[in-house]
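This report describes one protein structure for a reader who has not met it before. It starts with a single residue and widens from there.

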Amino acid sequence: MISGRALHYFDTVARCRSLRQAAAKLHIAPTAISRQIDLLEHQMGAPLLERGPNGISLTAAGELLAAQAQHTLRDLERVQEHIADLKGLRTGRVRLQVAEGVVVGLLAPALADMGQRYPRLNFDIGIASAGQVVEGLRLGTADIGLSFFMPRHEDILILESARLEHHAVMAPEHPLAALGEVTLERLAEHRIILPGEAFGARQAFERSAHRAGIKLMPTFDTASLETQKALALNGAGVLVLPPMAVARECRQGELTSVPLAPDELEPARMDLCVFRHRTRSFAVEACLSLLAKALQAHDSES
């Protein structure tokens, strides 16, 4: 029977492609890793690693085991979390994949609150597009997804949604900053900063423009929200975002948020979701509860 320790050591080596780096990451001696991998190779009846002048590479058998090891180790960790739940220890790790635009206004406050309530919980937070969130939930690299315009799939369960109105966001000295509201037609006269075509917000923006018969060509196209905001802060163009995504910059007077004219652009839909066919630990359930309440609060404000 393969031990969890041996599998963990092998997985670390497979990721690092170096015994020395893996040993440093695990805080153990390289010889300890070598012994565990020798044991694995004996149990598998096949070599798993090849050592060459350029470092370590995986054999065909090693590649197969590496692919399975990640899933097995995640499953073992979830079992340990459920056992801890039964003991009332309230420990565990929550893996989240989220849209960058929700971090400041929603995610960070909710997780700070959760950290105070349950100080023994840990969180892995990844920034991802809606499509990447779906993939992460299916693969098990994410327990919770929080993103705009999540695509509908039978195996992805939407637990809570909120609708957020879009605003035009620009530097305070921009010509549009003095207006009470902005139309898409007026917006088209200026340089526009948008996320990449894979993002649901960009797709919703283009659908609304197409229905209105307006040709909108973004001057800047970037997946990074921080890059979008940096461009707007320097007067390079206008963002189209829910105000929550730039609340800090607007409070500090660095950016100005102007509502879009009514019915010009469909509201952003923010979805909180999980993989339908996976049992959820206490840590995941507690995190979902707090995030759902935060979403409800934002929905009532919009």
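## Phe 282 and the aromatic pair

Phe 282 is buried, because its relative accessible area of 18% falls under the 20% limit. The model discussed here is a predicted one. Phe 282 belongs to helix α11, which covers residues 282-301.

How many aromatic pairs does the count come to? The count is one. In this pair the ring centres of Tyr 118 and Phe 282 are 5.2 Å apart and the ring planes stand at 85°, so the arrangement is edge-to-face. An angle over 60 degrees is what the edge-to-face class requires. The two partners are 164 residues apart, and the pair links distant parts of the chain. Tyr 118 sits in the loop between α5 (103-117) and β4 (121-127). With a relative accessible area of 25%, Tyr 118 is partly exposed, whereas Phe 282 is buried.

## The protein as a whole

The protein has 302 residues, and 47% of them count as buried. It contains 11 helices and 12 strands. The C-alpha trace spans about 70 × 50 × 35 Å along its principal axes. Among contacts between residues at least 6 apart in sequence, 72% join residues at least 24 apart.

## Cysteines

A search of the whole structure finds zero disulfides. Cys 273, for example, is in no disulfide: the nearest cysteine sulfur belongs to Cys 287 and is 12 Å away. A disulfide needs the two sulfur atoms within 2.5 Å, so a separation of 12 Å rules this pair out. Cys 273 is buried, with a relative accessible area of 0%.

Cys 287 is placed in helix α11, the helix that also holds Phe 282. Cys 287 is buried too, at a relative accessible area of 1%. Which residues does Cys 287 contact, leaving aside its neighbours within four places in sequence? They are Val 94, Leu 96, Leu 111, Met 114, Phe 123 and Ile 144. Ile 144 is 143 residues from Cys 287 along the chain, yet their C-alpha atoms are separated by 8.7 Å.

## Leu 225 and Thr 222

Leu 225 is found in helix α9, residues 225-233. Its relative accessible area is 6%, so Leu 225 is buried. Once neighbours within four places in sequence are left aside, Leu 225 is in contact with Glu 100, Gly 101, Leu 241 and Ala 245. The C-alpha atoms of Leu 225 and Leu 194 lie 9.2 Å apart in space, with their positions 31 residues apart in sequence.

Thr 222 lies in the loop between β9 (220-221) and α9. Buried or exposed? Thr 222 is buried, with a relative accessible area of 16%. Not counting residues up to four places away in sequence, Thr 222 touches Leu 194, Pro 195, Gly 196, Thr 227 and Gln 228. Of these, Pro 195 is also among the residues named as nearest the centre of the second largest pocket.

## The two largest pockets

The largest pocket holds about 540 Å³ of space. The elements that give two or more residues to its lining are α1 (4-16), α2 (19-26), α4 (60-87) and β3 (92-98). Of these, α4 gives the most, with eight residues. In all, 18 residues line the largest pocket, and His 8, Leu 73, Arg 74, Glu 77 and Arg 95 lie nearest its centre.

The second largest pocket has a volume of about 350 Å³. Its lining is made up of 27 residues, with Ala 99, Phe 148, Pro 195, Phe 199 and Ala 201 nearest the centre. At least two lining residues each come from α6 (130-139), β5 (144-148), α8 (200-211), α9 and β10 (238-241). The largest share, four residues, is supplied by α8.

The table sets out how each lining divides by residue type.

| Pocket | Nonpolar | Polar | Charged |
|---|---|---|---|
| Largest pocket | five residues | five residues | eight residues |
| Second largest pocket | 18 residues | seven residues | two residues |

Charged residues thus number eight in the lining of the largest pocket, while the lining of the second largest pocket has two charged residues and 18 nonpolar ones.

Definitions and conventions
Residues are numbered from 1 along each chain as its sequence is written. This is a predicted model: local features need pLDDT of at least 70, side-chain atom pairs count only at pLDDT 80 or more; totals for chains, interfaces and linings use all residues. Side-chain values use heavy atoms; hydrogens and water are left out. Buried means under 20% relative accessible area, exposed over 50%, partly exposed in between (1.4 Å probe, protein chains only). Contact means heavy atoms within 4.5 Å. On a 1 Å grid over the protein atoms alone, a cavity is a set of points where a 1.4 Å probe fits but cannot get out, and a pocket is an open set with protein on both sides within 12 Å along at least five of seven lines; lining residues have an atom within 4 Å of a point. Grid points are joined across faces, edges and corners, and a volume is the space filled by probe spheres set on the points. Ala, Val, Leu, Ile, Met, Phe, Trp, Tyr, Cys and Pro count as nonpolar, Asp, Glu, Lys and Arg as charged, and the others, Gly among them, as polar. Rings of Phe, Tyr and Trp (its six-membered ring) pair if their centres lie within 6.5 Å; planes under 30 degrees apart count as stacked, over 60 as edge-to-face and the rest as tilted.
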